[in-house]
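User: I am new to reading protein models and would love a close look at one part. Could you walk me through a strand, its neighbours and the charged pairs linked to it?

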Amino acid sequence: MSEITNETTPKLWLNAHAFAEHVLCAGRNLAWDNEIEFAAQYKRLAGIVQAERLSVPLMGFLDNWLLRNSHVLPSMAGKKRVRFAVKRLLTNDSLREELVQLVSACCAMVDAEVMLEIPSNTALISWAHLRANPDAHLDPLNDVDIDSTSVYLADTVRQLKHAGIAGIVATVAEQDIAAGALLEHYQPLINVAENYRWLFAFRKPIAALNGFKAGKWYCLGDDSASEAKDLQSLPADVWRDLASATATHGGMWYYAELPAFVEPEAVRSTIAKLKQHS
């Protein structure tokens, strides 16, 4: 983790993979299939943004892995139960081994805490099912689907116990809330985080959506859904107008999502001002 010289200086947590793809990869995907190159890209990203904590999206890895290993699709297909495909994917030994290698390399090389950002459970179920069964009809999902997928994800994330991650982030999207997602449906993931003394947080991309309470856990993007008071989620326009951020108390965290099309110098300037904005 980057060294903090002043205990009252706000700390920065960024979701910045879109920015990394645009600035470091000329719009191409990150090197999900090469752990050393990927870690080097995140190391360069950390050098630009000077954040104390960075999120790494699991979905980018899963999508890339399945594109490179399409031979596993038949083993994921042919079942009516909508969760079958995602279960077969997440329990694939080769996938798990590559994930451990990628995350371990990133944690070893990057001078920041690394958080694994898990996609929305409903989005992951739907994506895997339709990749394996392109012509399938997808029925509405429910809370059992969310709960069961949390179990599969927890077992996969458990493989990272020695990788060096600081924690995991579970995404709660509109479709999850429509399916009845509650805090208790993510308990398998919370249990793993607590067992390994990792940080756990939720991420809610659309803050205006009601119907989900994160309890004591952070809810990135919707602070009102969380009882935690030591983190402030910044709006998307903070990269254009710092006035949209209110001053933090000493030792607090800022969380922000850094879009692709922001100039590096503007990023550095905004971050420098945020660090003084206490």
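Analyst: Happy to! Let's start with strand β3: five of its six residues are buried, so β3 is largely enclosed by the rest of the structure. Here "buried" means under 20% relative accessible area, "exposed" means over 50%, and "partly exposed" lies in between (1.4 Å probe, protein chains only). Helices (H or I, at least four residues) and strands (E, at least two) are DSSP runs, numbered from the N terminus.

Before going further, a word on the model: it is predicted, so local features need pLDDT of at least 70 and side-chain atom pairs count only at pLDDT 80 or more, while totals for chains, interfaces and linings use all residues. Residues are numbered from 1 along each chain as its sequence is written, and side-chain values use heavy atoms, with hydrogens and water left out.

Now for the neighbours of β3. Two strands pair if DSSP finds at least two bridges between them. On that basis β3 pairs with β2 in the parallel sense, over five bridges. You can find this pairing at V56, which stands opposite L116 in β3. β3 also runs parallel to strand β4 (residues 167-171), and four bridges join the two. L116 turns up again here, since its bridge partner in β4 is I168. As general background, side chains in a regular strand alternate between the two faces of the sheet.

From β2 we can step on to another strand. Strand β2 (residues 53-57) is joined to β1 by three bridges, and these strands run parallel. In this pairing, L14 is opposite L54 in β2. β1 pairs with strand β8 (residues 253-257) too, again in the parallel sense, over five bridges. There W13 faces Y255 of β8. Like β3, strand β1 (residues 11-15) is largely enclosed by the rest of the structure, because four of its five residues are buried.

Next, the charged pair that involves β3. A salt bridge is a side-chain nitrogen of Lys or Arg within 4 Å of a carboxyl oxygen of Asp or Glu. In general, side chains of opposite charge can pair when their charged atoms come close. The structure holds 12 salt bridges, and one of them joins the side chains of R203 and E117 at 3.7 Å, N to O. This pair links distant parts of the chain, with R203 in strand β5 (residues 199-203) and E117 in strand β3 (residues 113-118), 86 residues apart. R203 and E117 are both buried.

For contrast, consider two other salt bridges. D155 and R158 meet through their side chains at 3.0 Å, N to O. D155 is partly exposed at 30% relative accessible area, and R158 is partly exposed as well, at 32%. R96 joins D155 and R158 in a network of salt bridges. Elsewhere, E265 forms a salt bridge with R268, with the closest N and O atoms 2.6 Å apart. These two residues are three apart in helix α11 (residues 264-275), which means about one helical turn separates E265 and R268. E265 counts as exposed, at 56% relative accessibility, while R268 is partly exposed at 36%.

So, back at our starting point: β3 has parallel partners in β2 and β4, and the salt bridge between E117 and R203 lies between two buried residues.
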